[in-house]
Amino acid sequence: LNARFGFEHLIAPSVFFRAGYAIQPQPFDRSIEHTRKAAQTFATGIGVNGRSVNFDIGYRLRTVHLDYFAFDPSDLSNRTNFITNTHHIVFSISTRF
């Protein structure tokens with residue numbers, strides 16, 4: 001079961017802050033041991049709305065702990081553990097006519 005939640009808060013007129021969290025479990029059968037770590041995503045951002053131009057910047061960290069089994073998952077000697085942290089920074093400008 002994937003789960004996501006977040007919020008957005010107006011800090012000042014035309015300035016807003018947002019944050020969120022998501023969790024995505026590994027797609028393995030739960031009966032297989034050592035495969036229960038889920039991928040997690042943490043995100044935050046701030047934006048400014050002007051009369052005709054909007055600015056927005058956001059940051060996202062995605063952490064994945066993945067156990068990969070080349071053969072039999074009950075044999076831990078053939079397990080490879082991948083740990084990945086991915087950082088994204090997004091900046092956008094939009095305009096209204």
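User: What pattern does the chain follow, read along the sequence?

Analyst: In this predicted model, the chain follows the pattern β-β-β-β-β. It has 0 helices and 5 strands.

User: How do you know which strands are the edge strands?

Analyst: The 5 strands form an open sheet in the order E1-E2-E3-E4-E5, with antiparallel pairing. An edge strand pairs on one side only, and that holds for E1 and E5. Neighbouring strands of the sheet are turned by 10° against each other on average, with direction ignored.

User: What makes E1 and E2 count as a pair?

Analyst: Two strands pair if at least two bridges are found between them. E1 and E2 have 9 bridges, in the antiparallel sense, so they meet the condition of at least two. In this pair, glutamate 8 stands opposite arginine 18 in E2.

User: How many bridges do the other neighbours in the sheet have?

Analyst: E2 and E3 pair over 10 bridges, and E3 and E4 also pair over 10 bridges. For E4 and E5 the number is 17. Each of these pairings is antiparallel.

User: Which residues are bridge partners across these strands?

Analyst: Arginine 18 has glycine 45 in E3 as its bridge partner, and glycine 45 in turn has glycine 58 in E4. Threonine 41 is matched with arginine 62 in E4. Phenylalanine 69 is matched with arginine 79 in E5.

User: What joins E3 to E4?

Analyst: A hairpin joins them, through 3 residues.

User: Why is the contact between arginine 18 and aspartate 56 called a salt bridge?

Analyst: The term requires a side-chain nitrogen of Lys or Arg within 4 Å of a carboxyl oxygen of Asp or Glu. The side chains of arginine 18 and aspartate 56 meet at 2.8 Å, N to O, so the pair satisfies the cut-off of 4 Å. A search of the whole structure finds 1 salt bridge.

User: What does the pair of arginine 18 and aspartate 56 tie together?

Analyst: Arginine 18 lies in strand E2 and aspartate 56 in strand E4, so the salt bridge ties together parts that are 38 residues apart in sequence.

User: Is aspartate 56 buried or exposed, and why is it described that way?

Analyst: Buried means under 20% relative accessible area. Aspartate 56 has 18%, so it is buried. Its partner arginine 18 has 25% relative accessibility and therefore counts as partly exposed, since that class lies between 20% and 50%.

User: What part of the chain is buried?

Analyst: Buried residues make up 18% of the 97 residues in the chain. The chain exposes about 7,300 Å², and carbon and sulfur atoms supply 62% of that area.

User: Which residues form the nonpolar patch on the surface?

Analyst: The patch is formed by Ile11, Ile46, Val48, Phe55, Ile57, Tyr59, Ile89, Phe91 and Ile93, with about 840 Å² of accessible area together. The elements that give two or more residues to it are strands E3 (39-49), E4 (53-69) and E5 (79-95).

User: How do you know that isoleucine 46 and phenylalanine 55 are accessible enough for the patch?

Analyst: A patch residue must have over 30% relative accessible area. Isoleucine 46, in strand E3, has 37% and counts as partly exposed. Phenylalanine 55, in strand E4, has 39% and is likewise partly exposed. Both values therefore pass the cut-off of 30%.

User: What is isoleucine 46 in contact with, leaving aside its neighbours within four places in sequence?

Analyst: Isoleucine 46 is in contact with Ile11, Val15, Phe16, Phe17, Arg18, Phe55, Asp56 and Ile57. Its C-alpha atom is separated by 6.5 Å from that of glycine 58, 12 residues apart along the chain.

User: How many of the contacts in the chain join residues at least 24 apart?

Analyst: Among contacts between residues at least 6 apart in sequence, 45% do.

User: What is the phi of serine 14, and where is its place?

Analyst: Phi of serine 14 is near 75°, a positive value in a residue other than glycine. Serine 14 is in the loop between strand E1 (3-12) and strand E2 (15-24). Its relative accessible area is 35%, so it is partly exposed.

Notes: Residues numbered from 1 in each chain as written. Predicted model: local features only at pLDDT ≥ 70, side-chain atom pairs only at ≥ 80, totals over all residues. Heavy atoms only, no water. Helix = DSSP H or I, 4+ residues; strand = E, 2+ residues; numbered from the N terminus. Buried < 20%, exposed > 50% of the residue type's maximum accessible area, 1.4 Å probe, protein only. Patch = residues over 30% accessible without salt bridge, like charges linked within 9 Å, V, L, I, M, F, W, Y side chains within 5 Å. Areas by Shrake-Rupley, 256 points an atom, 1.4 Å probe, with all protein chains shown as cover. Axes fitted to C-alpha atoms, helices over the stretch in contact; angles between N-to-C directions. Contact = heavy atoms within 4.5 Å.
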